[in-house]
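This report looks at charged pairs, a buried polar side chain and the nonpolar interior of one protein chain, and ends with its overall figures.

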Amino acid sequence: MSTSSNDANEEITAGQGPAPVSNEQWNRQTTVDARNVLQTQLSTASDPTQQLLDKRFVMMNKTPVYPKFVLHPEIIPSLNEVSDELKKRRHLRFSDESSLETFEADMPLEIASSLQDEIQRAVQNRASKDDHTDQEYNHGLPTDSGSLFEAIISPDRDHVQNQSQEYNQQKSFLSSGICSERTGLAQTFQRIKISGDFHEMSHIEDLDESVSPLLRALVIREKYMFFSLQSFPTTVAQFLTKTLEHEEQSRRPSCAIIHPNIEFLLRSHSASHSDHKPPQKLNTSATPHAISQQITCDKTNEDHPVEEPHPFHPPVIKREDAFHLPLLPAVNMRVKVEKGIPSTYILNDDKEWISTDSPTIDRDQFIDDYTLLSAMITDGPLKSFCYRRLQYLKSKYELHCLLNEVKEWAAIKTTPHRDFYNVRKVDTHVHAASSMNQKHLLRFMKKKMKTSGDMNVYKTKDGRIMTLKEVFDELHITAYDLSVDMLGVHADRNTFQRFDRFNAKYNPLGQSTLREIFLKTDNYIEGVFFADLLKEVIWDLEDSKYQHAEPRLSIYGKSIDEWDKLAKWAVKNTMYSANISWMVQIPRLYDVYHANGIIKNFQEFLTNLFQPLFDATIDPQSHPELFCFMHHLTGFDSVDDETKPERPILTAEMPYPEEWNLKDNPPYVYYLFYMYANILTLNHLRRARGLNTYQFRPHCGEAGAVTHLVTSYMVAENISHGLLLRKSPVLQYLFYLCQIGIAMSPLSNNSLFINYNRNPMLEYFERGLCVSISTDDPMQFHFTKEPLMEEYSIAAQVWKLSSVDMCELARNSVLMSGFSHEVKMYWLGPEYQEQGIAGNDICRTNVPFIRIAYRYEALREELRLIALAYKSRQERREQSQKVNQSSFKWPPS
């Protein structure tokens, strides 16, 4: 194994063993720091009244929780000095005992024996399996350790009214299982305790210098996620609210609850819609997807009233009915673009266009936040602190596995029916054009040559129409001649660090003509072959039952009618399955289109991408097929080669989109900012109409500049790849704190950018980042009929993953996917949105409560450490101000 640099900005070594360093003294110091890090354990307050107030009742169709107020980092006084602090560091140490108060009253600090004694005692317990020894160990714990999750799980939780008897039985069984697991959690879950003087936190180096920048970064992401109606962890949101509760001047009404009145928006044109039925009354308290699902099932419910579906099962949509949706009436709205940022306007009773309350993003403020975050990731003390915390999290996980893996195995062995093969797993990153393996594509091409040889499939540039047989005759190839090697679509050693050669692998036999015929939706045959090929891929997923995928279809932004053509293709060929969820990928190819005279400026590119979506949402009858297709769309992706030369920094001097008529391609941050601005407005418009909203999930961190990850941290719900996080401990720690999903594809990375044994996925997983395994391009990288299982199997063999590890990865893939809330309730359990073990149903996920509890406590420990340091710092500042005021004397009169 190679030696890595001491610099925290260099690559954090990935692999099975500990990260080696070149300086032995640094290594010893890191070990000492890891042993002296503050360890917190979460427990509930002893006040039974407070415990009673903390109990929560979870309903089945739970709406997404948005705060009534959202933090605005730019006006928080205590965080305004972050930029100056990054320039001039002060090395302060904690000395105030009051700084050890928790950010929640019901979370006292638990101090146990030393780490070495704890490990020795746990090993003895596992070796002897003596109940008496276990009792001696548990006797040393605080007496209230059994109520660790009391505020989260209530054993006497009331059942939801008007539910079926079967659901009540299953919920009762689940509750009793959780209660018994929680009751015995103190005995089964051996926690790692750190001893030391916790009234003096100066042993945690660089903590004081890091707390304000980290808080500012968390608040920045919270703002952009809530503005765009994307998800943000409840635990982190509550932590920020509690920690900054005294910053009253920083609170503003959250944009999540500001939107035009639903009834006003649903008002239709009396003339154009006089023959239509009035709009249905929607349950506006339900989730956006549930409202959309209500529209889907409305027609069926009118003709054939049915009982409410079983709470554990999502609505069943037949394939032939998937795109038969009732069209909503048009509303008097329009979208106006100013400097590349769209805003919604509505026609009032005086026939005047007035702006709605939907928020828009300010470019100057975005640039300020982006510049600040870019400065944070290069700050020395902050890098050192985040690196040490990441190393601590990794070491802590290794100790957790040493102490608890036997009991985790015992937990999943006692779970009836469920194992890794029949837990739900989602391929969160796969491109539709390469979603089949090379043998599947070869077999399909041979079949079409035999059955559709006389079919007109291609139109040349000079207007000549060619049949499929004529296309292959020109290549002097017969069906018998074709082989996998001749097809030449599989990646090999020659594609490493050569993205251009990888893109060429999309052309079967090296011919772009065959790619257009077989792998495009917009061609002479209107994508019939591609639809048939994808249906075969979908049937394979349906046969496996527990495997799902989110294939990406391409929209290029070359013309305004691309969306209508794609929607027509999807509706005509009935491209629907319960095992897939469609996404759209947008290649960053403005420079190519501009060079060929297809578009004039970047604003035209954005208009082609988003204007049809606004029009279909405002007036569904103007784009009926697109309106139906958008119902099954879950998110947007941004793709291309990240290694292209670019100007990585976004500045206020950069031209606005309508002024960007340059031949150069805009930088990555420029693309993502304006895509985010359009998705934000689109999401608010669709939510106001009771329709589903979209995620932003770009490719990021595969190669190129680390600052790409700064942009995605601000605007993306989750990302694909994220390899460059290994080079930035600050961003990696922030991704951990915010639990940002990362869809990683080790086999794809192995062929393109980084060898498999150096892939950081295992290290991310051990540290607690929300990672999942995906395939990316099965046509280029996989051999079997089940590419996702191939990815899991290779990862398990190379990294020695246990069944618990793979089930946790599968659970992560479902959580970060774009499938609906109702579907996730069925796959993960009705309370999957709860934090900690309350959100885990081992009968569905096969992930033990011990593992979930460990992950949850580790995250809360990190957040609590930041809260304690921030509170101590604020109190010291207040004391310093009081001392300065008392020492000031007025001059004698």
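## Salt bridges and interior packing

In this predicted model, Glu 536 and Lys 447 form a salt bridge in which the closest N and O atoms are 2.6 Å apart. Because Glu 536 belongs to helix α20 (residues 528–544) and Lys 447 to helix α15 (residues 438–451), the pair ties together parts that are 89 residues apart in sequence. The two partners are covered to unlike degrees: Glu 536 is buried, with a relative accessible area of 16%, whereas Lys 447, at 38% relative accessibility, counts as partly exposed.

A salt bridge also joins the side chains of Glu 763 and Lys 394, with an N to O distance of 3.0 Å. Since Glu 763 lies in helix α29 (residues 761–767) and Lys 394 in helix α14 (residues 380–413), this pair ties together parts that are 369 residues apart in sequence. Here Glu 763 is buried at a relative accessible area of 1%, and Lys 394 counts as buried at 3%; both values can be set against the limit for burial, which is under 20% relative accessible area.

The side chains of Glu 808 and Arg 855 meet in a further salt bridge, at 2.8 Å from N to O. This pair links distant parts of the chain, with Glu 808 in helix α32 (residues 803–816) and Arg 855 in helix α35 (residues 849–887), 47 residues apart. Salt bridges that share partners join Glu 808 and Arg 855 with Glu 408, Asp 805 and Arg 851 into one network. Within the pair, Glu 808 is buried with a relative accessible area of 7%, and Arg 855 counts as buried at 15%. The count for the model comes to 26 salt bridges, and the three pairs described here are set out below.

| Acidic residue | Basic residue | N to O distance |
|---|---|---|
| Glu 536 | Lys 447 | 2.6 Å |
| Glu 763 | Lys 394 | 3.0 Å |
| Glu 808 | Arg 855 | 2.8 Å |

Asn 749 is a polar residue to consider alongside these pairs; it is found in helix α28 (residues 746–752) and counts as buried, at 0% relative accessibility. Its side chain makes a polar contact of 3.3 Å with the side chain of His 721. When neighbours within four places in sequence are left aside, Asn 749 is in contact with Phe 496, Glu 702, His 721, Leu 723, Ile 754 and Asn 759.

Turning to the nonpolar interior, the largest core holds 201 residues, of which Phe 472, Phe 518, Phe 629, Phe 636 and Tyr 713 touch the most other members. Helix α25 (residues 668–688) supplies the largest share of this core, 14 residues. For Phe 518, again leaving aside neighbours within four places in sequence, the residues in contact include Phe 444, Met 445, Leu 468, Phe 472, Phe 529, Phe 530 and Leu 533, and Lys 448 is also one of them. A second, separate core of eight residues has among its members Val 426, Val 814, Phe 819 and Leu 828.

As for the protein overall, there are 35 helices and 16 strands, and buried residues make up 59% of its 893 residues. Of the contacts with a separation of 6 or more, 78% are between residues 24 or more positions apart. The accessible surface comes to about 36,900 Å², and 51% of that surface belongs to carbon and sulfur atoms.

Terms used
Residues numbered from 1 in each chain as written. Predicted model: local features only at pLDDT ≥ 70, side-chain atom pairs only at ≥ 80, totals over all residues. Heavy atoms only, no water. Salt bridge = Lys/Arg side-chain N within 4 Å of Asp/Glu carboxyl O. Helix = DSSP H or I, 4+ residues; strand = E, 2+ residues; numbered from the N terminus. Buried < 20%, exposed > 50% of the residue type's maximum accessible area, 1.4 Å probe, protein only. Polar contact = N/O pair within 3.5 Å; in protein donor to acceptor, adjacent residues only side chain to side chain. Contact = heavy atoms within 4.5 Å. Core = buried A, V, L, I, M, F, W, Y, C linked by side-chain atoms within 4.5 Å. Areas by Shrake-Rupley, 256 points an atom, 1.4 Å probe, with all protein chains shown as cover.
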